[in-house]
Amino acid sequence: MTKTRSPIRSNVGLKAVMAVTGIVLVLFLIAHMLGNLKVFTGETSFDHYAHWLRDIGKPLLPGVWFLWILRTVLVVAVVGHIWAATLLALRARAARPVKYAHRKKVRGSYAARTMRWGGVIILLFVIYHLLDLTTGTLNPVGDPSNPYGNVVADFAPERWYVTLFYTLAIVTLGFHLRHGAFSAFRSLGQQTPRGERRARNAALVFAVALCAGYLVVPFAVLTGLVS
């Protein structure tokens, strides 16, 4: 008897996993960016927003349970996204076991060719970001009762290297999102040359807008606009 492969482990199933987890992560990125932008409304407003996040779900959920549920969902989404992408990449490589001596380079965007190491940079940044602004371990202030102060101290001019690393990670994320959004738009039926151009432009606009929304905060602190 031949062993039946689970539908979720088929190529179609893996692409579905990537799509669903990708949507979850993108929605989080948008919500997180909008929350970050509240730093421009002032210290009191930003701190109120940060503390409000800890109170979501009360009294139905005790303490910061909502945040831990959200973190669990995000971890599952990240692991599922990486797992599906890795399996698809390995299968694509296995489908071409013979290397040709003279093989033309496959046409592809810069983002498509750098998705793997880009994912590593993003993963390292997420780990650092959690230790910095979530647990406060690597933050100069690290005071959970003073979220605004943590952000300002984190991107202070003397800590320019943190802003540099943050920028590198966000730009890498932008390439990742651009490629992912383009692939998603194509999957929705944008297969004609005109449709592909629209999909490519829409993906670029989305990625640039999201990156700008994230980068404006550290650079505002670095230049003294937020202090």
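Me: Which residues form that nonpolar patch on the surface?
Reply: Val 78, Ile 82, Val 120, Leu 123, Leu 124, Ile 127, Leu 131 and Leu 138 form the patch, and together they have about 640 Å² of accessible area. Areas come from the Shrake-Rupley method with a 1.4 Å probe, and for residues only the protein chains shown count as cover. This is a predicted model, where local features need pLDDT of at least 70 and side-chain atom pairs count only at pLDDT 80 or more, while totals for chains, interfaces and linings use all residues. Residues are numbered from 1 along each chain as its sequence is written, and side-chain values use heavy atoms, with hydrogens and water left out.

Me: What counts as a patch here?
Reply: Patch residues have over 30% relative accessible area and no salt bridge; like charges are joined within 9 Å, and nonpolar side chains (Val, Leu, Ile, Met, Phe, Trp, Tyr) within 5 Å.

Me: Which helix gives the most to the nonpolar patch?
Reply: H5 does, with five residues. Helix H3 (65-94) and helix H5 (115-134) each supply at least two. Helices here are DSSP runs of H or I with at least four residues, strands are runs of E with at least two, and both are numbered from the N terminus.

Me: Val 120 and Leu 131, buried or exposed?
Reply: In between. Val 120 lies in helix H5 and counts as partly exposed at 48% relative accessibility. Leu 131 is in H5 too, and its relative accessible area of 36% makes it partly exposed. Buried means under 20% relative accessible area, exposed means over 50%, and partly exposed is in between (1.4 Å probe, protein chains only).

Me: Okay, stepping back. How many helices and strands are there?
Reply: Eight helices and zero strands, so to speak an α-α-α-α-α-α-α-α run from the N terminus on. The protein has 227 residues, and buried ones make up 31% of them.

Me: How far does H1 reach?
Reply: Helix H1 covers residues 11-36, which is 26 residues, and reaches 37 Å from its first C-alpha to its last. That is close to the 38 Å expected at 1.5 Å a residue; the expected span is 1.5 Å times one less than the number of residues. Its buried residues include Leu 14, Val 17, Leu 25, Leu 29 and Met 33.

Me: And what about the span of H3?
Reply: H3 agrees with its expected span: its 30 residues should span 44 Å, and its end C-alpha atoms are 43 Å apart. Among the buried residues in H3 are Leu 67, Leu 74, His 81 and Leu 88.

Me: Why is H6 called largely enclosed?
Reply: Because eight of its eight residues are buried, H6 is largely enclosed by the rest of the structure. Tyr 148, Val 151 and Asp 154 are among them.

Me: How many salt bridges does the structure hold?
Reply: Two. A salt bridge is a side-chain nitrogen of Lys or Arg within 4 Å of a carboxyl oxygen of Asp or Glu. The side chains of Arg 159 and Asp 154 meet in one, at 2.9 Å from N to O. Arg 159 is buried, with a relative accessible area of 12%, and Asp 154 is buried at 1%.

Me: Which side chains meet at 3.1 Å?
Reply: Those of Asp 55 and Lys 58. Asp 55 is partly exposed at 37% relative accessibility, and Lys 58 is partly exposed at 48%. The peptide bond from Lys 58 to Pro 59 is cis, with omega near 0 degrees. Most peptide bonds are trans. Pro 59 sits in the loop between helix H2 (43-55) and H3.

Me: New topic: how many aromatic pairs?
Reply: Eight. One of them is Phe 155 with Tyr 166, whose ring centres are 5.2 Å apart and whose planes are at 75 degrees, so the pair is edge-to-face. Phe 155 lies in the loop between helix H6 (147-154) and helix H7 (160-187) and Tyr 166 in H7, so the pair ties together parts that are 11 residues apart in sequence. Rings of Phe, Tyr and Trp (its six-membered ring) pair if their centres lie within 6.5 Å; planes under 30 degrees apart are stacked, over 60 edge-to-face, and the rest tilted.

Me: Phe 155 and Tyr 166, buried or exposed?
Reply: Both are buried. They form one aromatic cluster with Phe 125, Tyr 128 and Phe 165.

Me: Where does the charged end of Arg 71 sit?
Reply: Over the ring of Trp 68, 4.6 Å from its centre. Likewise, the charged end of Arg 200 sits over the ring of Phe 182, 4.4 Å from its centre. That takes NZ of Lys or CZ of Arg within 6 Å of the ring centre and within 35 degrees of the ring normal.
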